[in-house]
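Dear colleague,

I am passing on the structure below, with its sequence, and would be glad if you could look through it alongside the notes that follow.

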Amino acid sequence: MMKRSIAILFLAAIIAVGVLKVFEPPFNDQTWKNEPMHRYKMAKDVVESRVLIGKTAREVIALLGEPDVSNLSGRHHLLYKLGTPPSFFKENEQVLVVVFEAALVQKVLLVNEQN
């Protein structure tokens, strides 16, 4: 009985991961540019795939489009608003921050926008 319960929990976990992947499509530059209010669906893939690492600002803009205005200070960076995912609770909107060092992307971060 215990083995069966563990097997069911394991199967449920696998199904849950699969369902999450359906709602988090891989990065697609055309969808990113044409549907800015739905960028949140692809943002995690942009970060995890490291597709921007080592690119110049010009290359990032060619791939992601023109950045949004940023009020962040510090290192050279580009900021992209991601839209607001559906939620039962009011959440701060996330933004994608692309950080440069020596003219190349060094980090890509998902950051909660401060209102």
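Arg-50 lies in the loop between α3 and α4, directly after the end of α3, and has a positive phi of about 60° although it is not a glycine. At 55% relative accessibility, Arg-50 counts as exposed, where exposed means over 50% relative accessible area, buried under 20% and partly exposed in between, computed with a 1.4 Å probe on protein chains only. Helices and strands are DSSP runs numbered from the N terminus, with helices being H or I of at least four residues and strands being E of at least two.

Please keep in mind that this is a predicted model, in which local features need pLDDT of at least 70 and side-chain atom pairs count only at pLDDT 80 or more, while totals for chains, interfaces and linings use all residues. Residues are numbered from 1 along each chain as its sequence is written, and side-chain values use heavy atoms, with hydrogens and water left out.

A second positive phi in a residue other than glycine belongs to Ala-102, where the value is near 55°. Ala-102 sits in the loop between β2 and β3, and these two strands form a hairpin with two residues between them. With a relative accessibility of 76%, Ala-102 counts as exposed.

The hairpin belongs to an open sheet of three strands in the order β1-β2-β3, with antiparallel pairing; two strands are taken to pair if DSSP finds at least two bridges between them. The edge strands are β1 (77-81) and β3, each of which pairs on one side only, and the twist averages 20° from one strand to the next. Angles such as this run from 0 to 180 degrees between N-to-C directions, and the axes are lines fitted to C-alpha atoms, for helices over the stretch in contact. β1 and β2 pair over five bridges, and β2 and β3 over eight. Val-95 is the bridge partner of Lys-81 in β2, and Val-111 is the bridge partner of Val-95 in β3, while the β3 partner of Val-97 is Leu-109. β2 is mostly covered, with six of its eight residues buried.

Two helices pack on this sheet. α3 touches β2 and β3, and its direction makes about 145° with that of β3, whereas α4 (residues 57-64) touches β1, β2 and β3, and its direction makes about 10° with that of β1; contact here means heavy atoms within 4.5 Å.

Within α3 (residues 40-49), the residues Met-42, Ala-43 and Val-46 are buried. They cover an arc of only 120° around the axis, which puts them on the same side of α3; the arc is that of the directions from the helix axis to the C-beta atoms. Their cover includes α2 (29-34), β2 (94-101) and β3 (104-112). Lys-41 is also found in α3, but at 30% relative accessibility Lys-41 counts as partly exposed. The C-alpha atoms of Lys-41 and Gly-83 are separated by 9.1 Å, although the two residues are 42 residues apart along the chain.

Turning to side-chain pairs, a search of the whole structure finds one salt bridge, the term being used for a side-chain nitrogen of Lys or Arg within 4 Å of a carboxyl oxygen of Asp or Glu. Arg-75 forms it with Glu-101, the closest N and O atoms being 2.9 Å apart. The pair links distant parts of the chain, as Arg-75 is in the loop between α4 and β1 and Glu-101 is in strand β2, 26 residues apart. Both count as partly exposed, Arg-75 at 45% relative accessibility and Glu-101 at 33%.

The same kind of search finds two aromatic pairs. Rings of Phe, Tyr and Trp (its six-membered ring) pair if their centres lie within 6.5 Å, and planes under 30 degrees apart count as stacked, over 60 as edge-to-face and the rest as tilted. Phe-27 and Trp-32 form an edge-to-face pair, 5.9 Å centre to centre with 65° between the planes. The rings of Trp-32 and Tyr-80 have their centres 6.3 Å apart and their planes at 65°, so this pair is edge-to-face. Trp-32 lies in helix α2 and Tyr-80 in strand β1, so the latter pair ties together parts that are 48 residues apart in sequence. Phe-27, Trp-32 and Tyr-80 form one aromatic cluster, and they are buried, with relative accessible areas of 18% for Phe-27, 0% for Trp-32 and 0% for Tyr-80.

With best regards
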